[in-house]
Amino acid sequence: MDFTRDYQVTGGRLEFDLELADLELWSPENPKLYDVELAYNGETLSDRIGFRKIEAVGNEIHLNGEKVFLRGATIHEEIPQDVLRAHTKEDAAQLLGWAKELNANMLRLAHYPHNEEITRLADAMGFLVWSEIPVYWTIDFSSDEVLEKAKVQLEEMITRDRNRASIIIWSVGNETPVSPVRTAFMKSLIDKAKSLDDSRLVSAALEVHYNPETNHINDPLGAYTDIVSVNEYLGWYGGTPDMCRTAQWEVDYDKPLIISETGAGAKGGFHADRETRWSEEYQEWYYQEQIAMFERMPEGFSGVAPWILVDFRSPKRNHPEYQEGWNRKGIIDENGNKKKAFTVLKKYYDEMETATAN
């Protein structure tokens, strides 16, 4: 359709409004994209764009006015069988194809903005996307220079992908240890993100400290994010998966809660009893116990993004028998073989899809 509208140019920015009838909204079930072309003063811009609304309503996430549960898959920008970066359309199709087989409707892009082939294919395939800048662990939160670099990364990420319907969450960091200077640093990034784009949710992957009785989520950064997102590994970094049976959770904030990471390592093809670490059976047991715990999570539990979809290279992971330079928390191994935990998680996602639809 060809529209001619009044417009206003302010400070080099052209602004106008359009009203469209019978617009189909983009969603995972109906990833409708429109070819949009803008022509002005002899210049033409074109893109394929979906239209949708994402918001936090109390402790729920709503897409186009309907509650949505994020059935997630975390991915690295890596093709494991070739030991190289994912960078082509074919690479994106492999990674997102695996996520689709899992029945995921959400991708967490760890821990940096991924290439444009991935975000554009996410638009076309109907994935909801969490996109993140690489702010993590113990960087110098007191440094103005570091903060400015983080703000540049944030602006570049949002500027490139602000037209991607798939992206619903801008993340300003991962696992940053709590301190007043860190919280001020991260709040500054949240404010920056909202000033650049107030149409999406802003979050960060927070850490949680485990307690024998109740795991209390009270990170002060949660006061400023739109979603409370925590990484938890009950039964892997200490204890066994049956710890989940007595685990209780409390959240200080009336906001949606996402488990932004959880997982256990398993070497593909290594089988033993379920109490043997690094076996596929241990990882399977881990996810069985996690899922049982998810069913007891407090009101507002809105999604999970397990770590990680596929095994990936990691030089720090150097167990000579089970790791050999690989992070083995993938539910798919480096050769593309699905581990036993894949089936457990897919069954849960199938059930959650049915429950949400009803």
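User: In this predicted model, the charged end of which residue sits over the ring of F342?
Analyst: A charge counts as sitting over a ring if NZ of Lys or CZ of Arg is within 6 Å of the ring centre and within 35 degrees of the ring normal. Over F342 the distance to the ring centre is 5.4 Å. The residue with its charged end there is K338.

User: How many Å from the ring centre of Y34 does K32 lie?
Analyst: K32 is placed over the face of Y34. The cut-off for such a contact is within 6 Å of the ring centre. For K32 the distance is 5.0 Å.

User: Are the rings of W236 and W278 stacked or edge-to-face?
Analyst: The structure holds 16 aromatic pairs. In the pair of W236 and W278, the ring centres are 5.1 Å apart and the planes stand at 90°. Planes over 60 degrees apart count as edge-to-face. The pair is therefore edge-to-face.

User: How many residues apart are W236 and W278?
Analyst: The pair of W236 and W278 links distant parts of the chain. W236 is in the loop between β16 (228-231) and β17 (248-251), while W278 is in the loop between β18 (257-261) and α5 (280-294). Along the chain they are 42 residues apart.

User: Is W236 buried or exposed?
Analyst: Buried means under 20% relative accessible area. W236 has 8% relative accessibility, so W236 counts as buried. Its partner W278, at 14%, is likewise buried. The answer for W236 is buried.

User: Which residues form one aromatic cluster with W236 and W278?
Analyst: W236 and W278 pair with each other edge-to-face. Both belong to one aromatic cluster. The other members are F270, Y282, W285 and Y322.

User: What is the angle between the ring planes of F294 and F301?
Analyst: F294 and F301 are both buried. Their rings lie 5.4 Å centre to centre and form a tilted aromatic pair. The angle between the planes is 35°.

User: What is the phi of W278?
Analyst: Most residues other than glycine have a negative phi. W278 is not a glycine, yet its phi is positive. The residue lies in the loop between β18 and α5. Its phi is about 75°.

User: Where is N64, with its phi near 55°?
Analyst: N64 has a positive phi in a residue other than glycine. With a relative accessible area of 23%, N64 is partly exposed. Its place is the loop between β6 (60-63) and β7 (66-67).

User: What is the omega of the peptide bond from W307 to I308?
Analyst: Most peptide bonds are trans. The bond from W307 to I308 is cis, and I308 is in the loop between β19 (301-304) and β20 (312-313). Its omega is near 5°.

User: Is the peptide bond from A110 to H111 cis or trans?
Analyst: H111 is in the loop between β11 and α2. The omega of the bond from A110 to H111 is near -25°. The bond is cis.

User: The backbone nitrogen of which residue lies 2.9 Å from a polar atom of the side chain of N115?
Analyst: N115 is in the loop between β11 (106-109) and α2 (116-125). With a relative accessible area of 15%, N115 is buried. The backbone nitrogen at 2.9 Å from its side chain belongs to E117.

User: What is the area of the nonpolar surface patch that includes L20?
Analyst: L20 lies in the loop between β2 (13-15) and β3 (34-40). At a relative accessible area of 36%, L20 is partly exposed; patch residues need over 30%. Other members of the patch include F16, L38 and Y40. The patch area is about 760 Å².

Key. Residues numbered from 1 in each chain as written. Predicted model: local features only at pLDDT ≥ 70, side-chain atom pairs only at ≥ 80, totals over all residues. Heavy atoms only, no water. Patch = residues over 30% accessible without salt bridge, like charges linked within 9 Å, V, L, I, M, F, W, Y side chains within 5 Å. Areas by Shrake-Rupley, 256 points an atom, 1.4 Å probe, with all protein chains shown as cover. Salt bridge = Lys/Arg side-chain N within 4 Å of Asp/Glu carboxyl O. Helix = DSSP H or I, 4+ residues; strand = E, 2+ residues; numbered from the N terminus. Buried < 20%, exposed > 50% of the residue type's maximum accessible area, 1.4 Å probe, protein only. Phe/Tyr/Trp six-rings, centres within 6.5 Å; stacked < 30°, edge-to-face > 60°. Polar contact = N/O pair within 3.5 Å; in protein donor to acceptor, adjacent residues only side chain to side chain.
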